[in-house]
Amino acid sequence: MRKQDLGFDYHRYHRLLLEADDDGKRLALIELLIEEKALDRLAAQRASDRAAMTAHTIATVLKNGRQ
């Protein structure tokens, strides 16, 4: 069995799926899942960008300190 993502709210999505008893609600659930996954990816990209900028700044400071 796959480990659940820490950010994945299994119980919430399960409840929403049980409540999705018509096409409109099912489409809304699909859109919600897509939107939340996109937000998760955006947050991960931002964190990665911050880490890269921090590493670059540290490298610059260390390089300037040697001169």
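Here are a few questions and answers on how two helices pack and which charged side chains pair up.

Me: What kind of model is this, and how are residues numbered?
Reply: This is a predicted model, where local features need pLDDT of at least 70, side-chain atom pairs count only at pLDDT 80 or more, and totals for chains, interfaces and linings use all residues. Side-chain values use heavy atoms, without hydrogens and water, and residues are numbered from 1 along each chain as its sequence is written.

Me: At what angle do helix 1 and helix 2 pack?
Reply: Helices here are DSSP runs (H or I, at least four residues), numbered from the N terminus. Helix 1 covers residues 10–19 and helix 2 residues 23–66, with axes 9 Å apart. Axes are lines fitted to C-alpha atoms over the stretch in contact, and angles run from 0 to 180 degrees between N-to-C directions. Helix 1 is roughly antiparallel to helix 2 (over 145 degrees), the angle being about 155°.

Me: Which residue of helix 1 forms a salt bridge with Glu 36?
Reply: A salt bridge puts a side-chain nitrogen of Lys or Arg within 4 Å of a carboxyl oxygen of Asp or Glu. Glu 36 lies in helix 2, so its bridge ties together parts that are 24 residues apart in sequence. The N to O distance is 3.0 Å, and the partner is Arg 12.

Me: Is Glu 36 buried or exposed?
Reply: Buried means under 20% relative accessible area, exposed over 50%, and partly exposed in between (1.4 Å probe, protein chains only). Arg 12 is partly exposed at 28%. Glu 36 has a relative accessible area of 17%, so Glu 36 is buried.

How values were computed. Parallel < 35°, antiparallel > 145°, perpendicular 65-115°, else oblique.
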